[in-house]
Amino acid sequence: MSENLEKFISRVGETAEENMLVKMTLSKPVNKHDDLRNIYVKPVLIKEKRLFAFTYHYERRDEVKNYDAAQMLQMLREMLPDRFLNAVLFTVNEDVTLLVSSKGKSTLQTKKVQECREQNLEHDKQKNRLVNPANPWWYQLGLTTREGKVTADMQHKFKQIYKYAEIVESLIKPMKFEGTVHIADMAAGKGYLTFALYELLTQKMNLDVDIKGVEIRPDLVLKINEIIRSSNLKGMEFVESSIEDFKPEKLDVLIALHACNTATDDAIASGIKAGAELIVCAPCCHKQIRQEMERSGKVDAITRYGIFLERQAVMITDTIRALIMEYYGYKTQVMEFIEMEHTPKNVLLVGKRVGKPNNRDSILLKINELKKQYGIGQHYLETLLEIQE
Ligand SMILES: C[S@@+](CC[C@H](N)C(=O)[O-])C[C@H]1O[C@@H](n2cnc3c(N)ncnc32)[C@H](O)[C@@H]1O
């Protein structure tokens, strides 16, 4: 290890010991294509313990890890100069800069600062949250006070929004995008979940987005676009349109949460036709299939009870949707959206595009068996996609 590097690391150790370390940055990756772009370090106080929060800024996401002083120094030894060529230590009274050239030659500069700085030991929780209620649009949407506190009667809603953001993050994180991510949130309503999506993708995952909230009610579209404009959010827009009429030119992710009855089918069909990589929907009021089942007069040991017929109609509707998505090359998953006590509409149907399956005939057979068993003529999604029996 070079003398300058050793000096830099021991200066970091001393300032950490003396509680004088304000922040530190590691930048200029050795490998220009390194997914890890830079690291930002700041001291934090967690459960009375002084630690150092390392924020790893990757190309498309951030990751935060906390280390004690010894681990921090170890981490510096691993990162300098093998991963990064520049490091700057900001202490309360000086800046120490280590520069390593691509040939391995290093320089160390120390500069006294004019005005002493203070250590800020607050953990930057707000910034690391998937959805930050302090963002001004949450106040404009009526979820928080002016100071960014979620109001008592919106706690439930906020919890739901947060849960949704967690699920969407887990689905989107493994995906690879080239350039802007094109997203449509169909039947976007008041835009709560659209804003959460925007926040998650742009602020947390550092993605460039083109998010369209598709909503049929002009008053909502007007209101939400005003909030988008006043918050200066680039890459998001609400469009006044029915799902059926909205024809996206490019679509990576389709979201449709609580789109009533067959509007969910319109959304899924639109996602399939546009070749969306990910389809996420929370179906709502499954009238079409229930009415067909009732009309057929066919009942079995389960559906002879009205309440079970209703539940069975929900499961059949969504099972056939999942099968149709599989037929078109999606790997499907059904997951719980939020706890039952908040709403019975708590199922998320997720499809990830994997390519045309080689068992299309057996998928069709399963669909037809279900329809026959419950006296269903055609699922509306079949009609939209013109699946022939
Ligand atoms: C129950 S809200 C869901 C809002 C939001 N997605 C959520 O989960 O909080 C349904 C919204 O979909 C809109 N909507 C219903 N059918 C639609 C259609 N065919 N095209 C576009 N929007 C529709 C309604 O105006 C309403 O705002």
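Start with the sheet of this predicted model: select strands β10, β9, β8, β11, β12, β14 and β13, and in that order you have the seven strands of an open sheet with mixed pairing, where two strands pair if DSSP finds at least two bridges between them and where helices (H or I, at least four residues) and strands (E, at least two) are DSSP runs numbered from the N terminus. Residues are numbered from 1 along each chain as its sequence is written. Local features need pLDDT of at least 70 and side-chain atom pairs count only at pLDDT 80 or more, while totals for chains, interfaces and linings use all residues.

Colour β10 (236–240) and β13 (330–336) next, since these are the edge strands, each pairing on one side only. From one strand to the next, the twist averages 15°, with axes being lines fitted to C-alpha atoms, for helices over the stretch in contact, and angles running from 0 to 180 degrees between N-to-C directions.

Move to β12 (residues 278–284) and β14 (residues 347–353), an antiparallel couple joined by four bridges; here I279 stands opposite G351 in β14.

Now show helix α10 (residues 306–327), which packs on the sheet, touching β12, β13 and β14, and whose direction makes about 150° with that of β13; residues are in contact if their C-beta atoms, placed from the backbone, lie within 7 Å. Helix α7 (residues 218–230) lies across β9 and β10, running at about 165° to β10.

Finish at the ligand, where A187, G189, I216, L257 and H258 come nearest of the 16 residues around it, a residue being near if its C-beta atom, placed from the backbone, lies within 6 Å. Two or more shell residues come from each of α6 (192–204), β9 (209–215) and β11 (253–260), and β11 gives the most, with four.

Definitions and conventions:
Contact = placed C-beta atoms within 7 Å.
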